[in-house]
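Visitor: Before we discuss any detail, could the sequence and the structure be put in front of us?

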Amino acid sequence: MTSGSSRPSQRLSPRARLLLPLFLAVLLGLTLRQLWCAVPDRVVLSGPAMGTTWTVTLAATGRSRADLDTARSAVEERLETVNRLMSTWQPDSELSRLNAHASTEPFAVSGQTLEVLRLARDVSQKTGGAFDVTVRPLVALWGFGADARAPDDPPAASEVAEVRSRVGYRLLDVDPTAGSVRKARPDLACDLSAIAKGYGVDQAAEALEALGWSDFFVEVGGEVRVRGQRPGGGAWRVGIERPDEAGRVVFGVLELRDRSMATSGDYREFYEQGGERRSHIIDPRTGRPVGHGVASVSVVHERAVLADAWATALSVLGPDEGARAVEAGGFGAFFVLRTPSGGYETRAIGDFPEVRLRPSEAAGEGSEPAG
Ligand code: AMP
Ligand code: MG
C-alpha cells in the first residue's frame, strides 16, 4: 500500500528537487537586493563645487539608488560647467579668457555666460551701478578675489579714482543676438562671484527637475533654492546665520516655498585695517568697500541667480536706498543691521517670508535646512 501523505519533497520530481535550492537562492538574492537598494525618505547628497560646497536634500520616497546616482552626476555636471565658464580662479575658464582678451573686438561667449551677463546688466541698471560685475579691478585693489592679499595700507584716493575709471557696466556691451560681448576698453575685467553661485543653484535645480524630482532643496555655498515639500511634508525650512565671526549659528528660520534665497554680508569675507572693517563688497560708485552697517542681507526671489545678485546689490545700497528696488521688483529682502551698541537689528522689506528669530545663541545648530 502506498502512502498518499508522503513528505512534500518526495512528491517533487527529481528535476524540481534540483531546481528548488536554485530558486530559493535567487529569491534570497532579490530580497537582499531590495533591502540594499531601498532608499530612505530623505537623502542628502553633497560635494565640492565652485570653490565651496554643494548640498542637495531630496524627498526620495520610492526612488532607487540608480536614481540618486543619476541625480548626483547631473548636479555635479551642471556645477562643473558653471565653474568652467565663470570662475575667476581658473585661468582657463571662459571668464578668465574674456578678462585676458585685451581688445575692444567682440568676444564670443557661451549662452550661459551671456545669460548671466545679461541678468547682471539688468540689476546694474536697476541699481544705478551699485551692482556691477566689471568691479573686478576694484575688488583686487582692496585685496580680495583671486590671487589677492590685503594691502598694508589703504589705497590712495588717486589710485582708487584711477581704478574706478576702468569700472562700469556700461563699458561692457552684451549682445545676445551675436552671442558675444564687447569691451569699451581693453583693460575691462569682470567678476561673476556675486551672481554665479546662484546661477549654479538654478542649474542644479533645473537638472533635478528634468530628471523628474519635484521635492528638493539645493544649496551651493549658502545660496538656496527649494521646490515642493520636505520629506514628511511641509515647507522647506532655511536658516539665516548670525552674522558674526563665531561661525554658523542660526539667527532665524523661515519657510520657503518654490523659491530661492541668497545671503550676502560683510561678515563672510573681510579684514580689519586701522580699526576699520573692509568688506569684500565694493561700492563701484565710490570705489570703496561698503561700510554702512549692513551685516547681512538675505533675498528671497524666484530664481537663485537673481536672489544672489540682489543680495550683493542690496549690501551696497543698504535698506533705505534699496527699498524702492525691492518693492518694484516684487521680491523680498531681510537686512541684519549692526547697531552702534554692538548688537543687531533686523528689517524686512517687500515680500519676505516671516522669520522666526531664535532666542540668541541657539549654539550647535547649523544653518542647513531643518527639512
Ligand atoms: P556675494 O558673496 O554674492 O555678495 O558676492 C561678493 C563678491 O562679488 C565679492 O567677493 C566680489 O568678488 C564681487 N563684488 C564685490 N562688490 C561687487 C559689486 N558691487 N557688484 C558685483 N560684484 C561685486
Ligand atoms: Mg551675490
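Guide: Helices (H or I, at least four residues) and strands (E, at least two) are DSSP runs, numbered from the N terminus, and the expected span of a helix is 1.5 Å times one less than its number of residues. This is a predicted model, in which local features need pLDDT of at least 70 and side-chain atom pairs count only at pLDDT 80 or more, while totals for chains, interfaces and linings use all residues. Residues are numbered from 1 along each chain as its sequence is written, chains are lettered from A and ligands numbered from 1 in the order in which they are written, and side-chain values use heavy atoms, with hydrogens and water left out.

Visitor: How far apart are the end C-alpha atoms of helix α5?

Guide: Helix α5 covers residues 111-126. Because each residue is taken at 1.5 Å, its 16 residues should span 22 Å. The computed separation agrees with that expectation, the end C-alpha atoms being apart by 23 Å.

Visitor: Against which elements do the buried residues of α5 pack?

Guide: Buried means under 20% relative accessible area, exposed over 50% and partly exposed in between (1.4 Å probe, protein chains only). On that scale the buried residues of α5 include T113, L114, V116 and L117. Taking contact as heavy atoms within 4.5 Å, the buried residues of α5 pack against α3 (65-86), α4 (94-100), β4 (172-175), β5, α8 and α9.

Visitor: Which residue with a positive phi follows α5?

Guide: The phi in question is near 60 degrees. The residue that carries it after α5 is G128.

Visitor: How many of the residues of α8 are buried?

Guide: The 15 residues of α8 should span 21 Å at 1.5 Å a residue, and the end C-alpha atoms are indeed 21 Å apart. Among the buried residues of this helix are A196, Y199, D202 and L208. The helix is largely enclosed by the rest of the structure, because the buried residues of α8 number 11 of the 15.

Visitor: Which residues coordinate the magnesium ion (ligand 2)?

Guide: Donors are N, O and S atoms within 2.8 Å of the metal (3.2 Å for Na, K and Ca), and water is not among the atoms, so sites may look incomplete. In sequence the donor residues are spaced A-x113-D-x3-T. The pair A194 and T312 links distant parts of the chain, 118 residues apart, with A194 in the loop between β5 (180-183) and α8 (196-210) and T312 in helix α9 (residues 304-329). At 2.0 to 2.4 Å, the coordinating atoms belong to A194 (O), D308 (O and OD) and T312 (OG1).

Visitor: Is T312 buried or exposed?

Guide: The relative accessible area of T312 is 12%. Since buried means under 20%, T312 is buried.

Visitor: How much of the accessible area of ligand 1 does the protein cover?

Guide: Counting a residue as near when one of its heavy atoms lies within 4 Å, 16 residues surround ligand 1, and the closest are D191, S264, H280, I282 and T312. A polar contact is a pair of N or O atoms within 3.5 Å; within protein, one must be able to donate a hydrogen and the other to accept it, and residues adjacent in sequence count only if both atoms are side-chain atoms. A polar side-chain atom of D191 lies 2.5 Å from an oxygen atom of ligand 1, as does one of S264, whereas a backbone N or O atom of I282 lies 2.8 Å from a nitrogen atom of the ligand. With accessible areas taken from the Shrake-Rupley method with a 1.4 Å probe (for residues, only the protein chains shown count as cover), the share of the 500 Å² that ligand 1 has on its own which the protein covers is 95%.

Visitor: What separates the C-alpha atoms of Y169 and T134?

Guide: Y169 lies in the loop between α7 (157-164) and β4, and Y169 counts as buried at 11% relative accessibility. Leaving aside neighbours within four places in sequence, the residues in contact with Y169 include R121, S124 and T134. Although Y169 and T134 are 35 residues apart along the chain, the separation of their C-alpha atoms is 6.0 Å.

Visitor: Where is M50 found?

Guide: M50 has a positive phi near 50 degrees in a residue other than glycine, and M50 counts as buried at 17% relative accessibility. Its place is the loop between β1 (42-49) and β2 (52-59).
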